[in-house]
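Thank you for making the time this morning. I would like to walk you through one model, beginning with the two protein chains and then turning to the DNA and to the empty spaces.

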Number of protein chains: 2
Amino acid sequence: MTDHKEYLDQHGIKKTKQRILILNILSQAENIMTVEEIYLELSKQGVVISLSTIYRIMELFLAKGLVVKSIIPGNNKGVFSLKRLEHNHHLICLKCKKTVALKGCPLTEFERNVEQQTEFNIVDHNLELYGYCNKCK
Amino acid sequence: MTDHKEYLDQHGIKKTKQRILILNILSQAENIMTVEEIYLELSKQGVVISLSTIYRIMELFLAKGLVVKSIIPGNNKGVFSLKRLEHNHHLICLKCKKTVALKGCPLTEFERNVEQQTEFNIVDHNLELYGYCNKCK
DNA sequence: TTGCGAATGCTAATAATTTGCATTCGCATC
DNA sequence: GATGCGAATGCAAATTATTAGCATTCGCAA
């Protein structure tokens, strides 16, 4: 994903400096990030974007399907990650909150079954695994 | 689950009127509930339990593993559902927010694989499916 | 029945997120 | 390149969900 400007175009999102910066950060992040972490990462790069703008941009990315939102239990904050070409999920340590990105998603077939059973049109899902990492267990 | 008092005992949770009432509501609920919905359901039954107590009880149930917590997107509230003997997940309509409980869980095998790959000890997961119900699609 | 620690309810505090509004930006048009 | 308009941003204030402090009450064992 080298050209984020075009990526925004493709999704019908107007290009702004802030959106491109945030998209950069998300695309370089290995793991899920809170709004605050995005803010801090921007700060490290010497950029300040107001929190409300970050919230608005994440909401926009979410609505446009660029991003997935979930929560970490025991932590009332939204976390976001970019939807990759190869869609994936995260494993979260309940003690130290470390997160690990997993390869692949086991749900494709399950979703098809559920669509048939329920007459829903399934467009997305949210999956996180919780456990204890080898240090914390 | 006819005897909730014993159920609490088994999990090392002290029995109180409030906990038993909430457990009743959760066990009769087909779907996930917010703290507010629990509060309102109690009101319908002519019972008032303070919101902070409900929060505390849900936190306790969560810690003891009686309950699963997740979020509905576009809605910054925690939602809870009782862990059933037959563990399951929910499908949520992104438009009307209707939720449907699904039978079964497709993740057992996936979790075992992930445990081997990551050296995590996986204890739980969170899965919701999103889509549009037949009225909204 | 009594007593103690834990649970509850109230109110106030906190933390995350959202909103209103003035300013600035992106981009199309001249 | 200059101009203009609607959309995006930043700031500060408002909201909303959730948590914490503390006095009162409850559950249960002795």
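What follows is a short tour of the interface, the two DNA strands, the largest pocket and the largest cavity.

Before I start, please keep in mind that this is a predicted model, in which local features need pLDDT of at least 70 and side-chain atom pairs count only at pLDDT 80 or more, while totals for chains, interfaces and linings use all residues. Residues are numbered from 1 along each chain as its sequence is written, chains are lettered from A and ligands numbered from 1 in the order in which they are written, and side-chain values use heavy atoms, with hydrogens and water left out.

Let me begin with the protein chains. Taking contact to mean heavy atoms within 4.5 Å, 35 residues of chain B touch 35 residues of chain A. The area buried between the two chains, that is, the accessible area (1.4 Å probe) that two parts lose on being put together, summed over both, is about 3,100 Å², and carbon and sulfur atoms give 72% of that figure. On the chain B side, B:Phe110, B:Phe120 and B:Tyr130 lose the most area to chain A, and together they make up 21% of what that side buries.

Now to the DNA, where a residue is near a strand if one of its heavy atoms lies within 4 Å of it. Around strand D there are 20 residues, and A:Thr16, A:Thr53, A:Asn76, B:Tyr55 and B:Lys77 come nearest. Which part of strand D accounts for 76% of its atoms within 4 Å of the protein? It is sugar and phosphate. For polar contacts, which are pairs of N or O atoms within 3.5 Å (within protein, one must be able to donate a hydrogen and the other to accept it, and residues adjacent in sequence count only if both atoms are side-chain atoms), A:Gln18 places a polar side-chain atom 2.8 Å from a sugar or linking oxygen of strand D, and for A:Asn76 the distance to such an oxygen is 2.8 Å.

Strand C also has 20 residues around it, with A:Tyr55, A:Lys77, A:Gly78, B:Thr16 and B:Arg56 coming nearest. Of the strand C atoms within 4 Å of the protein, 75% belong to sugar or phosphate and the rest to bases. One contact reaches a base: an N or O atom in the side chain of B:Arg56 is 2.7 Å from a base nitrogen of strand C. B:Thr53, in turn, has a side-chain N or O atom 2.8 Å from a phosphate oxygen of strand C.

Finally, the empty spaces. On a 1 Å grid over the protein atoms alone, a cavity is a set of points where a 1.4 Å probe fits but cannot get out, and a pocket is an open set with protein on both sides within 12 Å along at least five of seven lines, while lining residues have an atom within 4 Å of a point. Grid points are joined across faces, edges and corners, and a volume is the space filled by probe spheres set on the points. The largest pocket has a volume of about 1,300 Å³, and of its 48 lining residues the closest to its centre are A:Lys69, A:Ile71, B:Ile71, B:Asn75 and B:Asn76.

The structure holds one cavity of 30 Å³ or more. The largest cavity, at about 160 Å³, is lined by 16 residues, among which B:Val68, B:Ser81, B:Asn88, B:His89 and B:His90 lie nearest its centre.
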